[in-house]
Amino acid sequence: MALCPCGSEKDYSDCCEPLIKGDRAAETAEALMRSRYTAHAKKEFDYIFETTHPSNRQNGDRKGTAAWSRKLDWQRLEVRHSEKGGPDDSVGTVEFLARYRKDSKAFDHHEIAEFVREDGRWYFKDGQAPQPVQAVRQGPKIGRNDPCTCGSGKKYKKCCGA
């Protein structure tokens, strides 16, 4: 038995495989998102196309997505936040981070994915990058030529800033 690539810690045969094979539908937006990640990892591109909302499906995208994903080695999925998307909802969002390698280099794909439920089935509608979080300095700015904060009497660049 092999663990599912989606990170659920369940066996693939009990987790995403039944969704990808069409034996059952995803009950939540998060379950669909996890199964779509797994489909990328398992190179099941028809499932990715079929779970994309019909208004966003284009045959060129099907081929392009498959060509792009074939070159990648999917490493790990981290679900950061889900909002709505339950069995009784009609919309939901899932923020996730998918880690992959391409040409021996590591990459992160961070996205907020939007899902809709129509006729009892969840579909991926759209995705966007999250807004960058601005860093806020907690203390005063220390310049290179300012006295070191440790009290040594040296310039910061020659002491703790070295």
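Leaving out its neighbours within four places in sequence, Arg34 is in contact with Cys6, Gly7, Ser8, Cys16, Leu77 and Val79. This is a predicted model, and Arg34 is a friendly place to start a tour of it. The residue belongs to helix α2, which spans residues 29-42. One of its contact partners also offers a polar partner: a polar atom of the Arg34 side chain lies 2.6 Å from the backbone oxygen of Cys6. Because its relative accessible area is 18%, below the 20% cut-off, Arg34 counts as buried. For a sense of scale, the C-alpha atom of Arg34 is 45 Å from that of Ile142, 108 residues away along the chain.

Now for the charged pairs. The salt bridges come to 6, and a network of them links Arg76, Glu78, Arg80, Arg99 and Asp108. Glu78 takes part in these three:

| Salt bridge | N to O distance |
|---|---|
| Arg76 and Glu78 | 3.7 Å |
| Arg80 and Glu78 | 2.8 Å |
| Arg99 and Glu78 | 4.0 Å |

The pair of Glu78 and Arg99 links distant parts of the chain, 21 residues apart: Glu78 sits in strand β1 (residues 73-84) and Arg99 in strand β2 (residues 91-102).

How accessible are the residues in these pairs? Glu78 is partly exposed, with a relative accessible area of 26%. Arg99 is partly exposed at 25%, Arg76 is partly exposed at 40%, and Arg80 is partly exposed at 42%.

Key. Residues are numbered from 1 along each chain as its sequence is written. This is a predicted model: local features need pLDDT of at least 70, side-chain atom pairs count only at pLDDT 80 or more; totals for chains, interfaces and linings use all residues. Side-chain values use heavy atoms; hydrogens and water are left out. Helices (H or I, at least four residues) and strands (E, at least two) are DSSP runs, numbered from the N terminus. Buried means under 20% relative accessible area, exposed over 50%, partly exposed in between (1.4 Å probe, protein chains only). Contact means heavy atoms within 4.5 Å. A polar contact is a pair of N or O atoms within 3.5 Å; within protein, one must be able to donate a hydrogen and the other to accept it, and residues adjacent in sequence count only if both atoms are side-chain atoms. A salt bridge is a side-chain nitrogen of Lys or Arg within 4 Å of a carboxyl oxygen of Asp or Glu.
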